[in-house]
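Visitor: I would like to go through this model with you, one question at a time. Please give the reasoning before each answer.

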Amino acid sequence: MAANDDSDDSAFDFPSDLLAGQEELHQVRAELHALLKRLPWSVEPLDAVSDTQGWRKLERPASPGWTDDDQAEVEKLRQRELELAVFVTCHRYWSGLGGSDAVQARARLKHTGPRPAHDEGPRP
C-alpha cells in the first residue's frame with residue numbers, strides 16, 4: 001500500500017480494479033485523441049480560413065463539419081473518459097494513503113500499464 005523504504009515507488013499495491021480503470025482510461029483517451037485528430041477541424045461546416053498578416057499565421061481548409069455519428073462517438077468517448085477519471089481519482093484505495101505517499105502513488109499509477117504513444121507534433 002505504501003512505498004518501501006528504499007524509495008522504489010513501484011512498490012504500491014494497487015487493487016486490480018484501479019489498475020484496470022487506469023488502463024481503460026489510457027485506452028479511451030488514446031481513442032479520443034485519434035478520433036479528434038482525423039475529424040475535420042470544425043464541428044460545424046465552415047469556410048476556409050486564411051490570415052497570413054497577423055502575428056500568428058493561420059490557414060485552414062474549408063471544414064465540412066462533423067457528422068451526427070462523429071459527434072455521438074466523441075460524446076460517448078468523452079463521457080466514458082469522465083466516468084473513468086472519476087472512478088480512478090475517487091477510488092477507495094486513496095483513502096488509505098496520505099501526504100507524499102498519495103502523491104507518489106498517483107504519479108506512479110498514471111505510468112502503470114501500456115500507454116499508447118501520441119504523435120503530438122507542433123501545435124499551431
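Visitor: Is G21 buried or exposed?
Guide: This is a predicted model, so the values that follow are computed from it. G21 lies in helix α1. Its relative accessible area is 6%, and the cut-off for buried is under 20%. G21 is therefore buried.

Visitor: Which residues does G21 contact, leaving aside its neighbours within four places in sequence?
Guide: Contact here means heavy atoms within 4.5 Å. With neighbours up to four places away in sequence left out, the partners of G21 are L84, F87 and V88.

Visitor: How far apart in space are G21 and H91, C-alpha to C-alpha?
Guide: In sequence, 70 residues separate G21 and H91. In space, the C-alpha to C-alpha distance between G21 and H91 is 9.8 Å.

Visitor: What is the pattern of helices and strands along the sequence?
Guide: The protein has 3 helices and 2 strands. Read along the sequence, they follow the pattern α-β-β-α-α.

Visitor: Are α1 and α2 roughly parallel or antiparallel to each other?
Guide: Helix α1 covers residues 16–38 and helix α2 covers residues 68–89. Their axes come within 9 Å and cross at roughly 155°. Angles over 145 degrees count as roughly antiparallel. The two helices, α1 and α2, are therefore roughly antiparallel.

Visitor: What is the handedness of that crossing, and how many charged residues does the contact have?
Guide: The crossing of α1 past α2 is left-handed. By class, the contact of α1 with α2 has 12 nonpolar and 2 polar residues, and the number of charged residues is 10.

Visitor: Is R80 buried, partly exposed or exposed?
Guide: R80 lies in helix α2. Its relative accessible area is 31%, and values between 20% and 50% count as partly exposed. R80 is therefore partly exposed.

Visitor: Which residue's side chain does the side chain of R80 join in a polar contact?
Guide: Not counting residues up to four places away in sequence, R80 touches E24 and V28. R80 and R29 are 51 residues apart in sequence and 9.3 Å apart in space, C-alpha to C-alpha. The polar contact of the R80 side chain, at 3.1 Å, is with the side chain of E83.

Visitor: Where is S42 found, and is S42 buried or exposed?
Guide: S42 is in the loop between α1 and β1, the strand at 49–51. The relative accessible area of S42 is 9%, against a cut-off of under 20% for buried. S42 is therefore buried.

Visitor: Which residue's backbone oxygen lies 2.6 Å from a polar atom of the S42 side chain?
Guide: Leaving aside neighbours within four places in sequence, S42 is in contact with S63, G65 and W66. The backbone oxygen at 2.6 Å from a polar atom of the S42 side chain belongs to E44.

Visitor: What is the relative accessibility of S63?
Guide: S63 lies in the loop between β2 (58–60) and α2. S63 counts as buried, and its relative accessibility is 4%.

Visitor: Which residue's backbone nitrogen lies 3.2 Å from a polar atom of the S63 side chain?
Guide: Outside its neighbours within four places in sequence, S63 is in contact with P40, W41, S42, E44, P45 and L46. The backbone nitrogen at 3.2 Å from a polar atom of the S63 side chain is that of G65.

Definitions and conventions. Residues are numbered from 1 along each chain as its sequence is written. This is a predicted model: local features need pLDDT of at least 70, side-chain atom pairs count only at pLDDT 80 or more; totals for chains, interfaces and linings use all residues. Side-chain values use heavy atoms; hydrogens and water are left out. Axes are lines fitted to C-alpha atoms, for helices over the stretch in contact, and angles run from 0 to 180 degrees between N-to-C directions. Helices (H or I, at least four residues) and strands (E, at least two) are DSSP runs, numbered from the N terminus. Angles under 35 degrees count as roughly parallel, over 145 as roughly antiparallel, 65 to 115 as roughly perpendicular and the rest as oblique. A crossing is left-handed if the near helix is turned anticlockwise from the far one by less than a right angle, and right-handed if clockwise. Ala, Val, Leu, Ile, Met, Phe, Trp, Tyr, Cys and Pro count as nonpolar, Asp, Glu, Lys and Arg as charged, and the others, Gly among them, as polar. Buried means under 20% relative accessible area, exposed over 50%, partly exposed in between (1.4 Å probe, protein chains only). A polar contact is a pair of N or O atoms within 3.5 Å; within protein, one must be able to donate a hydrogen and the other to accept it, and residues adjacent in sequence count only if both atoms are side-chain atoms.
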